[in-house]
Every structure is written in structure tokens, then in C-alpha cells.
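Trainee: I've just opened this one and I'd like to talk through the terms. Can we go over what each label rests on?

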Amino acid sequence: MKDDSVYLRHILVNIFARVRSERDCEQGRAIAWTTVKRYRPIALLALLATAWVFSYSLNAQELKASPPNLDLILDSLERTQGQNPSLSRPYEVTRQYKVFRGDDPNPSSEVTAQISFTPPDIKTFKITEEQGNPTGKKIVRAILEQEIASAKEGHKGEISRSNYDFVFLREENFGAVPEYVLRIIPKRKEKGLLLGEIWVDAKTYHIRQVVGVPLKSPSFWIKDVSITVQFAAVNGKWIPVSVDAIATVRFLGIYTLTGRDLAPPSAASSAPSS
């Protein structure tokens with residue numbers, strides 16, 4: 001088709017050059033019109049193909065550039081959160097924390113804590129084991145107190161439009177699962193609210209990961225801290241299963257913390273914070 005179009009242009013150029021040189025303009029016009037009629041189907045096909053390719057390219061770019069509807073994502077997110085059994089059934093988990101100082105690959109502290117949640121907003125913890133540098137216990141307590149503050153706020157601490165403004169950032173895969181990545185911006189400067197990003201499962205609308213910075217420090221000892229929480233389904237409940245943090249401890253420098261659940265949640269018992 002491209003060769004025919006080039007050939008057609010070549011013929012027309014020669015024709016009009018010939019017309020200008022001919023004394024009889026009418027004869028030149030007749031020759032030109034006869035040639036145009038002869039090759040018109042080829043020219044039309046070339047123009048149609050070009051227009052189709054251009055239109056397809058524009059539509060593809062528009063689809064790629066247009067983000068999903070943020071309000072629809074948030075509607076589904078809030079509905080999914082409201083149906084989570086973990087909000088209505090008490091549970092208890094055991095979590096082990098390891099605390100690393102600076103770039104040291106070996107933990108300076110290891111702490112095990114028992115964490116209980118009683119709906120709608122009571123979360124408590126008890127440190128059952130600790131070894132190593134006592135600074136590790138201070139950091140673990142600060143992270144757990146952040147969790148307790150978020151739970152105590154109830155609906156005022158949940159990730160919803162009543163507490164946060166949202167900005168759609170991008171789509172990506174969290175492992176093999178397609179995700180929407182949203183920025184969360186607290187509407188109030190309160191303990192328990194985070195400034196950061198969330199990863200929302202594009203099929204189930206569960207929050208799979210939260211990465212953020214508390215607007216208020218959870219402890220005097222913690223100058224600033226960045227927290228990453230990952231969630232998963234455990235025994236029918238969608239709950240946190242790991243916590244990672246990087247904290248600047250006053251007078252002592254930077255520490256890194258990792259926390260992993262050791263066992264599935266069980267029926268909660270009374271476990272006051274310690």
C-alpha cells in the first residue's frame with residue numbers, strides 16, 4: 001500500500017508539471033483527472049489505514065494514561081474493610097521482633113510479644129521474652145503503642161475518607177497480585193495516623209501493605225520512625241502479619257526492626273500491656 005501511494009504521488013507530480021508546460025490546460029486537467037480516478041481506490045485505502053492507525057495509537061495512549069476511578073476504588077476498599085471478620089471477632093497472635101543497630105547484620109535484641117485484640121477498639125500487648133540490648137524493648141514497645149493508638153481510635157484511625165485524603169499514584173504488582181498504589185494524607189495531626197502509601201488488592205480491595213510515617217512520634221525515645229505493615233488472610237481474618245521499621249533512637253542512632261507473627265491468631269484472652 002505504501003509503494004502504491006508513493007507511485008501515485010510520483011504520477012501526480014509528473015502530471016501537474018506536464019500540465020504547466022502544456023499550452024492546452026484543459027487537456028492537462030483531463031489527463032490529471034483520469035489518473036486520479038484510476039488510482040483513487042489506492043489513495044483512499046492509504047488514507048483510511050493511516051487514519052485508523054493514528055486513531056488506535058491515540059486511544060491506546062489515552063487508555064494507558066487514564067487512571068482508574070479513585071472514588072470507586074475507595075468505595076470498594078471501605079466496604080471490604082467493613083466486612084473484615086477481624087473487626088468483630090477477638091483474636092490473639094504471638095509476634096517475634098528482631099532489632100538491628102546500624103548496618104550490623106546480627107540482631108542486637110530479640111523480643112517476643114503477645115498481642116490481643118478485642119472488638120471494637122481494644123488492643124493490648126504483653127512482652128513475654130526479651131534478650132540482648134534493652135534498647136530493642138523500647139523500640140518494640142514504641143511500635144506496639146503505635147498499633148494500640150490506631151486501634152483505640154476505632155473508626156477515627158481506620159484508612160478511610162473520613163480520616164485521610166487519597167491520591168492515585170500507579171498500578172503495579174505486589175508479588176503476583178495486581179495492586180493500586182494510593183498516597184494517604186491524614187486530615188488531622190493525631191497519634192495513630194500515618195502519612196504514606198497503601199497497596200490495595202485490585203480484585204479483593206484488601207489493603208496488602210501500608211508504608212508510612214506517624215504524624216506524632218509514638219515515644220519520647222523514638223525521634224522519627226518509618227513503618228511498613230503487611231497484611232494477609234489468616235484463619236478467615238485479614239490481619240497484620242509482619243511489621244518492619246526504621247527508627248532513629250534519641251542519643252543512640254538508627255535502628256532497624258523486623259517483626260513476624262509466629263502462629264495463627266487464636267481466641268483472645270486478657271493480656272494487659274507490659
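**Spaces, core and contacts**

Mentor: Sure. This is a predicted model, and a search of the whole structure turns up 1 cavity of 30 Å³ or more. The elements giving two or more residues to the lining of the largest cavity are S1 and S9.

Trainee: What is the volume of the largest cavity, and why is it called a cavity?

Mentor: The volume is about 40 Å³. The name applies because a 1.4 Å probe fits there but cannot get out.

Trainee: Which residues line the largest cavity?

Mentor: Tyr91, Val93, Arg95, Ile115, Lys123, Glu147, Ile239, Pro240 and Asp261 do. S1 gives the most, with 3 residues. By type, the lining splits into 5 nonpolar, no polar and 4 charged.

Trainee: And what makes the largest pocket a pocket?

Mentor: A pocket is an open set of points, whereas a probe in a cavity cannot get out. The space in the largest pocket comes to about 990 Å³. Its lining has 36 residues, and Leu87, Ser150, Gly157, Glu158 and Phe231 lie nearest the centre.

Trainee: Which elements supply at least two residues of that lining?

Mentor: Helices H3 (70-82) and H4 (135-152) do, along with strands S7 (207-214), S8 (222-234) and S9 (237-249). H4 has the largest share, 5 residues. In the lining of the largest pocket, 21 residues are nonpolar, 11 polar and 4 charged.

Trainee: Let's take Leu87. Why is Leu87 called partly exposed?

Mentor: Its relative accessibility is 43%. Buried needs under 20% and exposed needs over 50%, so at 43% Leu87 counts as partly exposed. You'll find Leu87 in the loop between H3 and strand S1 (91-101).

Trainee: What is Leu87 in contact with, leaving aside its neighbours within four places in sequence?

Mentor: Gln81, Gly82, Phe117, Pro119 and Pro120. Each has heavy atoms within 4.5 Å of Leu87, because that is what contact means. As for Asp121, its C-alpha is 8.5 Å from that of Leu87, and the two residues are 34 apart in sequence.

Trainee: How do you know that Asp244 and Arg260 make a polar contact?

Mentor: Their side chains are joined at 3.3 Å. The cut-off for the N or O atoms is 3.5 Å, so 3.3 Å passes. Asp244 sits in strand S9. Beyond its neighbours within four places in sequence, Asp244 is in contact with Ser226, Ile227, Thr228, Leu257, Thr258 and Arg260.

Trainee: Which residues touch the most other members of the largest nonpolar core?

Mentor: Leu182 and Ile198, out of 48 residues. Core members must be buried, so Leu182 and Ile198 are buried too. In soluble globular proteins, nonpolar side chains tend to be buried together.

Trainee: What does Ile198 contact, leaving out neighbours within four places in sequence?

Mentor: Leu77, Ile159, Phe166, Tyr180, Val181, Leu182, Ile184, Ile207, Gln209 and Val210. Leu182, the other residue we just named from the core, is among those contacts.

Trainee: How many helices and strands are in the whole chain?

Mentor: There are 4 helices and 10 strands, in the order α-α-α-β-β-β-α-β-β-β-β-β-β-β along the sequence. Of the 274 residues, 37% count as buried. And of the contacts between residues at least 6 apart in sequence, 51% join residues at least 24 apart.

Terms used. Residues are numbered from 1 along each chain as its sequence is written. This is a predicted model: local features need pLDDT of at least 70, side-chain atom pairs count only at pLDDT 80 or more; totals for chains, interfaces and linings use all residues. Side-chain values use heavy atoms; hydrogens and water are left out. A nonpolar core is a set of buried Ala, Val, Leu, Ile, Met, Phe, Trp, Tyr and Cys residues joined through side-chain atoms within 4.5 Å. Buried means under 20% relative accessible area, exposed over 50%, partly exposed in between (1.4 Å probe, protein chains only). On a 1 Å grid over the protein atoms alone, a cavity is a set of points where a 1.4 Å probe fits but cannot get out, and a pocket is an open set with protein on both sides within 12 Å along at least five of seven lines; lining residues have an atom within 4 Å of a point. Grid points are joined across faces, edges and corners, and a volume is the space filled by probe spheres set on the points. Ala, Val, Leu, Ile, Met, Phe, Trp, Tyr, Cys and Pro count as nonpolar, Asp, Glu, Lys and Arg as charged, and the others, Gly among them, as polar. A polar contact is a pair of N or O atoms within 3.5 Å; within protein, one must be able to donate a hydrogen and the other to accept it, and residues adjacent in sequence count only if both atoms are side-chain atoms.
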